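This briefing is meant to be read with the model open beside it. The points below are grouped by topic.

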Amino acid sequence: MNVKGLLVDNETRCEHYHSLLDIIAIKCKCCETFYPCYQCHQFCESHEMVRWKSSEWNEKAILCGHCKKVLSIREYMNTDICIYCEAKFNPKCANHYHLYFEM
């Protein structure tokens, strides 16, 4: 899976978010491209980010950087761990949901 941005490692940690728990990338609705964070998107793209509507939360758009499987937005928002490999996700990412998803 190709992830764009200012990446630091192969588990999708980037220059902006790089704790042990920062292991997801989000497929941006506007460009169908995976980015580790909104700041990487802003740096790499010339367009504004478009948020996923709640009616689209079944879309497979969250990449687990540990096992490389893709979760739906709904699956991701309902757990703190990957449903496939049980890697822990950063619970503080919920503070940024409004940037990616219409709430």
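Helices and strands are named here from DSSP runs, with at least four residues for a helix and at least two for a strand, and are numbered from the N terminus. In those terms, Arg-13 belongs to the segment that precedes β1 (24-28). The model is a predicted one, and its description below moves from the strands to the cores, then to the aromatic rings, and lastly to two single residues.

**Strands**

- β1 and β3 (60-64) are paired in the antiparallel sense over three bridges, and within this pairing Ala-25 stands opposite Leu-63 in β3.
- β3 is also joined by three bridges to β4, residues 70-72, with the two strands running antiparallel; here Leu-63 stands opposite Val-70 in β4.
- The hairpin formed by β3 and β4 has five residues between the strands, and in that hairpin Lys-68 takes a positive phi near 70 degrees.
- Because four of the five residues of β3 are buried, the strand is largely enclosed by the rest of the structure.

**Nonpolar cores**

- The largest nonpolar core has 25 residues, and those with the most contacts inside it are Ile-62, Cys-64, Ile-73, Tyr-76, Met-77, Phe-89 and Phe-101.
- At least two residues of this core are supplied by each of β1, β3, α2 (73-77) and α3.
- A second core, separate from the largest one, has five residues, among them Val-3, Ala-25, Leu-63 and Val-70; of these, Ala-25 and Leu-63 stand opposite each other, as do Leu-63 and Val-70.

**Aromatic rings and a charge over a ring**

- Six aromatic pairs are found in a search of the whole structure. One of them is formed by Trp-57 and Phe-101, which meet edge-to-face with 6.4 Å from centre to centre and 75 degrees between the planes.
- This pair links distant parts of the chain, since Trp-57 sits in the loop between α1 (38-44) and β3, whereas Phe-101 sits in the segment after α3 (97-100), 44 residues apart.
- Both Trp-57 and Phe-101 are buried, and Phe-101 touches, apart from residues up to four places away in sequence, Ile-26, Arg-51, Trp-52, Trp-57, Ile-62, Ile-73 and Met-77.
- Through ring pairs, Tyr-38, Trp-57, Tyr-76, Phe-89, Tyr-97, Tyr-100 and Phe-101 are linked into a cluster; Tyr-76, Phe-89 and Phe-101 are also listed among the residues with the most contacts inside the largest core.
- Lys-69 lies over the face of Tyr-84, at 5.8 Å from the ring centre.

**Arg-13**

- Arg-13 counts as buried because its relative accessibility is 10%, which falls under the 20% limit for that class.
- Its side chain reaches the backbone oxygen of Leu-20 at 3.0 Å.
- With its neighbours within four places in sequence left aside, Arg-13 is in contact with Leu-7, Val-8, His-18, Ser-19, Leu-20, Asp-22 and Ile-23.

**Leu-99**

- Leu-99 is placed in helix α3 and, with a relative accessibility of 26%, counts as partly exposed, the class that lies between the limits of 20% and 50%.
- Not counting residues up to four places away in sequence, Leu-99 touches Tyr-38, Met-49 and Arg-51; Arg-51 is also touched by Phe-101.
- Leu-99 and Ile-62 are 37 residues apart along the chain, and 14 Å separates their C-alpha atoms.

Conventions: Residues are numbered from 1 along each chain as its sequence is written. This is a predicted model: local features need pLDDT of at least 70, side-chain atom pairs count only at pLDDT 80 or more; totals for chains, interfaces and linings use all residues. Side-chain values use heavy atoms; hydrogens and water are left out. Buried means under 20% relative accessible area, exposed over 50%, partly exposed in between (1.4 Å probe, protein chains only). A polar contact is a pair of N or O atoms within 3.5 Å; within protein, one must be able to donate a hydrogen and the other to accept it, and residues adjacent in sequence count only if both atoms are side-chain atoms. Contact means heavy atoms within 4.5 Å. Rings of Phe, Tyr and Trp (its six-membered ring) pair if their centres lie within 6.5 Å; planes under 30 degrees apart count as stacked, over 60 as edge-to-face and the rest as tilted. A charge sits over a ring if NZ of Lys or CZ of Arg is within 6 Å of the ring centre and within 35 degrees of the ring normal. A nonpolar core is a set of buried Ala, Val, Leu, Ile, Met, Phe, Trp, Tyr and Cys residues joined through side-chain atoms within 4.5 Å. Two strands pair if DSSP finds at least two bridges between them.
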